[in-house]
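Biologist: Let's go through this model together. I'll keep asking how you know.

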Amino acid sequence: HPANGTLFPQPWVLREGAARRMDQAVGGGWRLVLRDQAPLAFELPALPVMVQVLYLGSPGLTETEGVLGQWFARHDCAAALVRPDHYVYGVAANAAELAAMLNRLAREITPV
């Protein structure tokens with residue numbers, strides 16, 4: 001997908017009544033960001049890393065300018081898995097694609 005490997009946007013979000021950059025509001029690490037208009041039924045596989053699940057529009061991730069909403073629409077996806085370095089690991093348009101992406105991550109980062 002063209003979004004894979006690209007830098008994930010860092011929009012302004014509202015948190016505790018103040019506008020902050022998303023990284024400041026939610027912290028770093030692996031993040032699974034889900035578009036609020038398309039909640040997906042999924043289960044995180046067992047991973048040796050913590051993945052923070054964030055829903056766009058939820059408390060702490062309410063955008064002030066619509067940057068992420070536009071990004072999801074432009075890439076025609078409902079979920080983005082973001083690496084700790086803020087680059088996109090992968091995107092998914094539906095629950096099946098999301099499950100495949102999460103299982104791929106589990107295989108790739110599970111120690112042998």
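Modeller: First, a definition: helices (H or I, at least four residues) and strands (E, at least two) are DSSP runs, numbered from the N terminus. The model is predicted, so local features need pLDDT of at least 70 and side-chain atom pairs pLDDT 80 or more, while totals for chains, interfaces and linings use all residues. Residues are numbered from 1 along each chain as its sequence is written, and side-chain values use heavy atoms, with hydrogens and water left out.

Biologist: Where does Glu-16 lie?

Modeller: Glu-16 sits in the loop between β1 (12-15) and β2 (18-21). Its phi is positive, near 55°, and Glu-16 is not a glycine.

Biologist: Why is Glu-16 called exposed?

Modeller: Take the cut-offs: buried means under 20% relative accessible area, exposed over 50%, partly exposed in between (1.4 Å probe, protein chains only). Glu-16 has 69%, so Glu-16 is exposed.

Biologist: What about Asp-76: buried or exposed?

Modeller: Asp-76 has a relative accessible area of 63%, so Asp-76 is exposed. It lies in the loop between α2 and β6, just after α2. Its phi is positive too, about 50°, although Asp-76 is not a glycine.

Biologist: Now the sheet. What makes strands a pair?

Modeller: Two strands pair if DSSP finds at least two bridges between them. Strand β6 (residues 79-82) has 4 bridges to β7, so β6 and β7 pass that test. The two strands run antiparallel.

Biologist: Which residues stand opposite each other in β6 and β7?

Modeller: Ala-79 has Ala-92 as its bridge partner. Val-82 stands opposite Val-88. The hairpin leaves 5 residues between the strands, and His-86 there has a positive phi near 75°.

Biologist: In what order do the strands of the open sheet come?

Modeller: The order is β4-β3-β6-β7, with mixed pairing across the 4 strands.

Biologist: What makes β4 and β7 edge strands?

Modeller: β4 (51-55) and β7 (88-92) each pair on one side only. From one strand to the next, the twist averages 15°.

Biologist: What makes you say β7 is mostly covered?

Modeller: In β7, 5 of its 5 residues are buried.

Biologist: Which helix lies across β7?

Modeller: Helix α3 (residues 95-109) does, and it also lies across β3 (30-34) and β6. It runs at about 150° to β7. Such angles run from 0 to 180 degrees between N-to-C directions, and axes are lines fitted to C-alpha atoms, for helices over the stretch in contact.

Biologist: How do you know that the length of α3 agrees with its residue count?

Modeller: The expected span is 1.5 Å times one less than the number of residues. For the 15 residues of α3 that gives 21 Å; the end C-alpha atoms are 21 Å apart, so the two agree.

Biologist: Why do you say the buried residues of α3 line one face?

Modeller: The buried ones are Leu-98, Met-101, Leu-102, Leu-105 and Ala-106. Seen down the axis, they fall within an arc of 140°, so they line one face. The arc is that of the directions from the helix axis to the C-beta atoms. On the other side, Ala-96, Arg-107 and Glu-108 are exposed.

Biologist: What do the buried residues of α3 pack against?

Modeller: They pack against β3, β6 and β7. Contact means heavy atoms within 4.5 Å.

Biologist: Why does Leu-102 count as buried?

Modeller: Its relative accessibility is 1%, so Leu-102 counts as buried. Beyond its neighbours within four places in sequence, its contacts include Phe-42, Leu-47 and Leu-81.

Biologist: What makes the approach of Asn-94 to Ala-96 a polar contact?

Modeller: A polar contact is a pair of N or O atoms within 3.5 Å; within protein, one must be able to donate a hydrogen and the other to accept it, and residues adjacent in sequence count only if both atoms are side-chain atoms. At the start of α3, a side-chain oxygen of Asn-94 comes within 3.1 Å of the backbone nitrogen of Ala-96.

Biologist: And why is Arg-31 called buried?

Modeller: Arg-31 has 0% relative accessibility, so Arg-31 counts as buried. It is in strand β3. Its side chain reaches the backbone oxygen of Gly-27 at 3.1 Å.

Biologist: Last one: which residues of helix α2 (residues 67-74) are buried?

Modeller: Leu-68, Trp-71 and Phe-72 are buried. Their arc is within 95°, so they line one face of α2. On the other side, Gln-70, Ala-73 and Arg-74 are exposed.
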